Amino acid sequence: MRQADVNQVREVLGHYVGQRVKVKANMGRHRYNISEGIISETYPSIFTIKLKNDDTSKNARDKFVSYSYTDVLTKDVQLTVFN
């Protein structure tokens, strides 16, 4: 894995900040976590996704997950951007 590849993934994801995405994350042992959310922010080593919140009560808190750019390169995390 080259640094140029990581930089390319970082740049592409930076263009999709604020976009709705479907996330398929490999949890190991043939298990996957599939969720939807919005790409919230990008940082030098990671990016964060604000997950879709189905709970509408007053005490509901926004949930965030973070992944590294290498997770995308190794296909441990697969993103599908909605238009």
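These notebook entries record what I looked up in one predicted model.

**Entry 1, fold.** I began with the secondary structure and found two helices and five strands in the chain. Read along the sequence, these elements follow the order α-β-β-β-β-α-β.

**Entry 2, extent.** I then took the C-alpha trace along its principal axes; the spans are about 45 × 30 × 25 Å.

**Entry 3, burial and surface.** I looked up how much of the chain is buried: of the 83 residues, 20% fall in that class. For the surface, I noted an exposed area of about 6300 Å². Carbon and sulfur atoms supply 46% of that area.

**Entry 4, contacts along the sequence.** I considered contacts between residues at least 6 apart in sequence, and 43% of these join residues at least 24 apart.

**Entry 5, charge.** I counted 13 positive and 9 negative side chains in the chain. The centres of the two sets lie 5 Å apart.

**Entry 6, Thr 48.** I next turned to a single residue. Where does Thr 48 lie? I found Thr 48 in strand 3, which covers residues 46–51. Is Thr 48 buried or exposed? Its relative accessible area is 13%, and Thr 48 is therefore buried, the cut-off being under 20%.

**Entry 7, neighbours of Thr 48.** I listed the residues that Thr 48 touches, leaving out those up to four places away in sequence. The list comprises Ile 38, Ile 39, Ser 40, Glu 41 and Tyr 43, together with Val 65 and Ser 66.

How values were computed. Residues numbered from 1 in each chain as written. Predicted model: local features only at pLDDT ≥ 70, side-chain atom pairs only at ≥ 80, totals over all residues. Heavy atoms only, no water. Helix = DSSP H or I, 4+ residues; strand = E, 2+ residues; numbered from the N terminus. Buried < 20%, exposed > 50% of the residue type's maximum accessible area, 1.4 Å probe, protein only. Contact = heavy atoms within 4.5 Å. Areas by Shrake-Rupley, 256 points an atom, 1.4 Å probe, with all protein chains shown as cover. Lys, Arg positive; Asp, Glu negative; His and termini not counted. Charge placed at Lys NZ, Arg CZ, Asp CG, Glu CD.
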